[in-house]
Amino acid sequence: MNVNLKHQYFGYSATPKLWEGKLSGLEQFDFNRDSGNSFSGSIKKKLRLGHLVEHFVESELISDSSIHILGNNIQIYSDKQTIGEYDFLIEQDGKQYHIEVAYKFYVYDESVGSSDIKSWIGPNRKDSLIQKMDKIKEKQFPLINRPESIGALKLLGIDSANIVQRVYFKAKLFVPFGKDISVLPLNQECVAGFYILFKDLNQFEAAQLFIPSKHDWLVEPNEEVAWMPFEIGQLEIQHSIKEERSPLIWLKRGIRLEAAFVVWW
């Protein structure tokens, strides 16, 4: 395993589930994942972050001897058009499951929505936690009742009438800089850093910066990177801000390492 992939997998594996049990009608899938397990797969081409995470999930599922993977990324068609997809179909202890996978990055904006769950949005304001949860409940889970899906699952030996649907939803949460916020009913351990407006970034002028690639957003901040002076990092960040993209950065202040989003809005 290359060094980057190793760090990405360990960062993914260390990320907790966004909640335990059931929340807003969605129940998390529980299984005996081997916390010491290393990634057992191989990546031969550059993948979108979501697809990379699915490979990591597959590796975790394989590490549980009670689980048999029946299929993954199973696409369902109607008139040659894709109408949906199943992330994972598995069997465990005589039960068959559909597991929908999600790994997200959210920032807390209290000006959005009328509840704490509705206040979690993507760093570029293009998505939100509530939108993702609604999509699963209203589009992805109901796919199980479509005739096209029933037939496709039958070919895999799956009775759609008895399948149990679960999510495996992990996330990194970022709170406003300088604010102490309870993230309940979400998992407080998912808080991975803070976010700050670009105009307020100067208060870290004594810090060194690193700007990880999108795939390395999974990685925990560490010393094994090429840190840059604040002024150079600030110029790179400014370029993203002008394009209305909120970059994730790492900050090094003495021995303290932190992750933060710098938001354009």
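## Gln-8 and its surroundings

In which helix is Gln-8 found? Gln-8 lies in helix α1 of what is a predicted model. Its relative accessibility is 7%, so Gln-8 counts as buried, the cut-off being under 20%.

Leaving aside residues up to four places away in sequence, Gln-8 touches Leu-52, Phe-56, His-215, Asp-216, Leu-218 and Val-219. Two of these contacts, Leu-52 and Phe-56, belong to α2.

## Helix α1

Helix α1 covers residues 3–14, 12 residues in all. At 1.5 Å a residue it should span 16 Å, and its end C-alpha atoms are 17 Å apart, which agrees.

The buried residues of α1 are Leu-5, Gln-8, Tyr-9, Gly-11, Tyr-12 and Ser-13. They pack against α2 (49–62) and against two strands, β5 (95–108) and β7 (164–176).

## Helix α2

Helix α2 has 14 residues, for which a rise of 1.5 Å a residue gives an expected span of 20 Å. The end C-alpha atoms of α2 are 20 Å apart, in agreement with that value.

Buried positions in α2 are Leu-49, Leu-52, Val-53, Glu-54, Phe-56, Val-57, Ser-59, Glu-60 and Leu-61. Glu-54 and Glu-60 are thus among the buried residues of this helix. The buried residues of α2 pack against α1 and against the strands β3 (67–78), β4 (81–92), β5 and β7. Strands β5 and β7 also appear among the elements that the buried residues of α1 pack against.

## The contact between α1 and α2

How do the axes of the two helices cross? The axes of α1 and α2 come within 11 Å and cross at roughly 70°. Angles of 65 to 115 degrees count as roughly perpendicular, and α1 and α2 are therefore roughly perpendicular to each other.

On the α1 side, the contact is made by Leu-5, Gln-8, Tyr-9, Tyr-12 and Ser-13. On the α2 side, these meet Leu-52, Val-53, Phe-56, Val-57, Ser-59 and Glu-60. By class, the residues of this contact divide into 7 nonpolar, 3 polar and 1 charged.

## Salt bridges

Side chains of opposite charge can pair when their charged atoms come close. Over the whole structure, a search finds 13 salt bridges.

One of them joins Asp-109 and Arg-125, with the closest N and O atoms 2.9 Å apart. This pair links distant parts of the chain, 16 residues apart: Asp-109 sits in the loop between β5 and β6 (120–121), and Arg-125 in the loop between β6 and α3 (129–140). Are the two partners buried or exposed? Asp-109 is buried, with a relative accessible area of 10%, whereas Arg-125 is partly exposed at 35%.

## Further pairs and a network

Asp-200 and Lys-199 meet through their side chains in a salt bridge, 3.3 Å from N to O. Asp-200 has 28% relative accessibility and counts as partly exposed. Lys-199, at 61%, counts as exposed, because the cut-off for that class is over 50%.

Arg-256 and Glu-258 also form a salt bridge between their side chains, at 3.2 Å from N to O. Arg-256 counts as partly exposed at 49% relative accessibility, while Glu-258 counts as buried at 10%. Elsewhere, Lys-17, Glu-20 and Asp-30 are joined into one network by salt bridges that share partners.

Note on methods
Residues numbered from 1 in each chain as written. Predicted model: local features only at pLDDT ≥ 70, side-chain atom pairs only at ≥ 80, totals over all residues. Heavy atoms only, no water. Helix = DSSP H or I, 4+ residues; strand = E, 2+ residues; numbered from the N terminus. Expected span 1.5 Å × (residues − 1). Buried < 20%, exposed > 50% of the residue type's maximum accessible area, 1.4 Å probe, protein only. Contact = heavy atoms within 4.5 Å. Axes fitted to C-alpha atoms, helices over the stretch in contact; angles between N-to-C directions. Parallel < 35°, antiparallel > 145°, perpendicular 65-115°, else oblique. Nonpolar A, V, L, I, M, F, W, Y, C, P; charged D, E, K, R; others polar. Salt bridge = Lys/Arg side-chain N within 4 Å of Asp/Glu carboxyl O.
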